[in-house]
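Trainee: Could you take me through one part of this model up close, and then show me how the rest fits around it? I'd like to start with the strand pairing.

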Amino acid sequence: MSERTAPPSIELSAVVRTYGAGTPEEVRALRGVDLTIPPGEFVSVAGPSGCGKTTLLNLLGLLDSPTSGEVRWDADSVGERTDRARARLRLEGVGFIFQRFYLLPTLTARENVELPMRALHVPRGERTRRSVQLLEEVGLGGRERAFPHQLSGGEEQRVAVARALANHPGLLLADEPTGELDSGNTQAILALLERVRRDRGATLVIVTHNPDVARRAERHITMRDGAVVEDVREA
Amino acid sequence: MTRWGRGRSLRHSRLQLVLAAAAIATAVALPVVLISVGGGVSAHELANLQNAGYQIVVSAAGLHGITHAHGYAAQILSISGVTAASPVLSVTIDAFTTAASASPVLAEGVIPDQFIPTLGPSEAGLFPSSLPLGDPTDQVHFAHGTYSGAATYDVIVSTPYAAAHSVSVGQRIVLSPVNNFTLGTTYNVTGTFGVPPTVLGPTGAFAVLLPLSDLQTMTGYAGGSAAAPDAADTIQVAVAGSIATDPSALDQLRGQVQALFPYYGVSSLTQEAQQLQSASGVLTGFYLALSSVGLSVGLLFLALVLLRRVEADRRSIGVRRALGIPGRSIAAEILWDGAVLALLGAAAGVLGGYLIVEALAAWATSAVQEAAQLAVFDPVILGELVVGVVGLSLLAGAVATRTALRMPISEALR
């Protein structure tokens, strides 16, 4: 699998996500969200802590299933697919970037980037070539053999970006990607993500608290109490 | 193996892995020792039975309990298929080369031309092919139970006795039922026979073989008011070629012998071998049951370690699942880790068991040492043991796998 995956058109209809339903600890993380994200769009999702941003991102990226409502990719209902089918869609079509990077500590930078490719049985030579190229692309040429603990926070996040791009996904989902970075690294990572989106034509959804980050998107979604309260496109 | 721990947790993880492997190794070493030694002793006994040279044995309760041994032997010999019927009387007597050199010896009285030597590889060839004891049928001296015929007074002695007392063929020794030279009878040494020194202790190694009637009269077992007439301990029966290896034909022949002497025990060595094998199988099962307790503890520990690893690595597992790596790959990795650990533990256990047996064979007390020296390491049984442990470890790993894959990804990433 080395072909670029076309970004899907994503549609959420009346999506509700409740955790611990029927228990005293019941939490309604999303309360009937309707949302459409066309292919290639750069969307920021902002809002206070606990408003449902990460839950929304998990549903967009098929990490989670809605309690009710529908998640559609290109008009195809994918939210209710089996775990295996959703895993396959994630592997081929989604790149995740997490706030805490989540690199596997016992793998080198290159091995971390190769991880999604291995799952797709990309031949070893192709894997190595592509991972080295991706690391160069994110400014980490020559650091392929470094382990995560030998990298700075900014470098770790660059590796995470390279890993997210490994299988040429059409959808990039970033959950507070600059939350643990200083301003210099924040700017560098944002520039990198924008360049990747532009070059690859991928859809980019960033969850962020940072207004500076949100400002760089072309569409701004604001959430509160599990609902979308504002959805603004730049002119 | 993939390790997802870090720093101190990685060291803890390694320690847990080492301890789990050690627990399995300990659990495996026990059955290896028990089965190899137990199996070895059984195999040795079985080989002894198979190499006995005779296939049917007539025995009676009590000391020298078979009476009329010469006559019964003749009756057995008349049964079709029987090639030899050898009554044997074993009594400890004293042998003297001079009046002051009493030495207890194990005396065996036999009918020379019916004597059945043991066929085992370490015993075969120890006896002369024809015993040089004068009257081959032992009928002259026996004289139809009157013991009035001329005795040959021939004896053959064991090589250890001959060596210890500088006795050679042609020399004379005195044999007495008690430690009293004056009550003894002078015998001509007409030959020697070897004794496997590893099988018999010193007393057994000092042995003499003489005509049955001679030993009976010497020890009072020719008959009379105080002793059974024409006594023997057993009558060993050898049969011709194909019958010897056909259990049903042998059993039929055993029935014929039993019909002659319903009041004596008649058993075939096939039966005894089957009983021995059956007992050995029961013992092996018992050993395995006993060992399964230790094995269960080892595998529970392994399951616990795998579960702890899954718990410790929940975020890494969550990341992999988030990236879309199939659950079966993650499951395979956890199962592989468990299987490799169990394999290493089991291999260490087999090696440890082997070393323990070797140590017992070298340094244990004599009885244990002797048993350990007979140990047999059957690669099939050891292989089955290792495969069984690995199989059970997969079950243990399945518990950890289930936990890993049932964890919601979003929770694993928190």
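**Strand pairing in chain A, and outward from there**

Mentor: Strand β1 (residues 10-19) of chain A runs antiparallel to strand β4 (residues 68-73) of chain A, and five bridges join the two. Keep in mind that this is a predicted model. To find your place along that pairing, look for A:Val16, which sits opposite A:Ser68 of β4(A). Now stay on β4(A), as this strand also pairs with strand β5 (residues 76-77) of chain A, again in the antiparallel sense, over two bridges. Here A:Arg72 has A:Ser77 in β5(A) as its bridge partner. Two residues lie between the strands in the hairpin of β4(A) and β5(A), and A:Asp74 takes a positive phi there, near 50°.

From the strands, move over to where chain A meets chain B. Each chain puts 17 residues into that contact. On the side of chain A that touches chain B, α2 (83-93) and α3 (109-119) of chain A each supply at least two residues. The largest share of that side, six residues, belongs to α2(A). Sort the side of chain A that touches chain B by class and you get 10 nonpolar, two polar and five charged residues. As for the predictor's own scores, the complex gets an ipTM of 0.87 and a pTM of 0.61.

Next, chain B itself. Its secondary structure comes to 13 helices and nine strands. Of its 414 residues, 38% are buried. Take the contacts in chain B with a separation of 6 or more, and 77% of them join residues 24 or more positions apart.

What does the inside look like? The largest nonpolar core has 114 residues, and the members that touch the most others are B:Ile24, B:Val28 and B:Leu302. Helix α1 (residues 7-50) of chain B gives this core its largest share, 14 residues. Pick out B:Val28 and, leaving aside neighbours within four places in sequence, you'll see contacts with B:Gly345, B:Ala346, B:Gly349, B:Val350, B:Gly353, B:Leu385 and B:Val389. Apart from that core lies another, of 53 residues, with B:Ala69, B:Tyr72, B:Phe206 and B:Ala232 among them. As a rule, nonpolar side chains in soluble globular proteins tend to be buried together.

For a closer look at one residue, try B:Ile56, in strand β1 (residues 56-59) of chain B. Why call B:Ile56 buried? Because 27 other C-beta atoms lie within 10 Å, and the cut-off for buried is 20 or more. Beyond neighbours within four places in sequence, B:Ile56 is in contact with B:Val237, B:Leu253, B:Arg254, B:Val257, B:Val266 and B:Ser268. The C-alpha atom of B:Ile56 is also 9.3 Å from that of B:Ala85, a residue 29 places away along the chain.

Last, a word on confidence in chain B. The mean pLDDT there is 83, with 91% of the residues at 70 or more. Among the elements of chain B, strand β5 (residues 172-176) has the highest mean, 95, and helix α4 (residues 202-205) the lowest, 60. For residues 1-8 of chain B the pLDDT is below 50, though this stretch has 16 contacts in the model beyond near neighbours in sequence.

Methods
Residues are numbered from 1 along each chain as its sequence is written. Chains are lettered from A and ligands numbered from 1 in the order in which they are written. This is a predicted model: local features need pLDDT of at least 70, side-chain atom pairs count only at pLDDT 80 or more; totals for chains, interfaces and linings use all residues. A nonpolar core is a set of buried Ala, Val, Leu, Ile, Met, Phe, Trp, Tyr and Cys residues joined through C-beta atoms within 7 Å. A residue is buried if 20 or more other C-beta atoms lie within 10 Å of its own, exposed if 12 or fewer, and partly exposed in between; C-beta atoms are placed from the backbone. Helices (H or I, at least four residues) and strands (E, at least two) are DSSP runs, numbered from the N terminus. Two residues are in contact if their C-beta atoms, placed from the backbone, lie within 7 Å. pLDDT is the predictor's confidence in each residue, from 0 to 100. Ala, Val, Leu, Ile, Met, Phe, Trp, Tyr, Cys and Pro count as nonpolar, Asp, Glu, Lys and Arg as charged, and the others, Gly among them, as polar. Two strands pair if DSSP finds at least two bridges between them.
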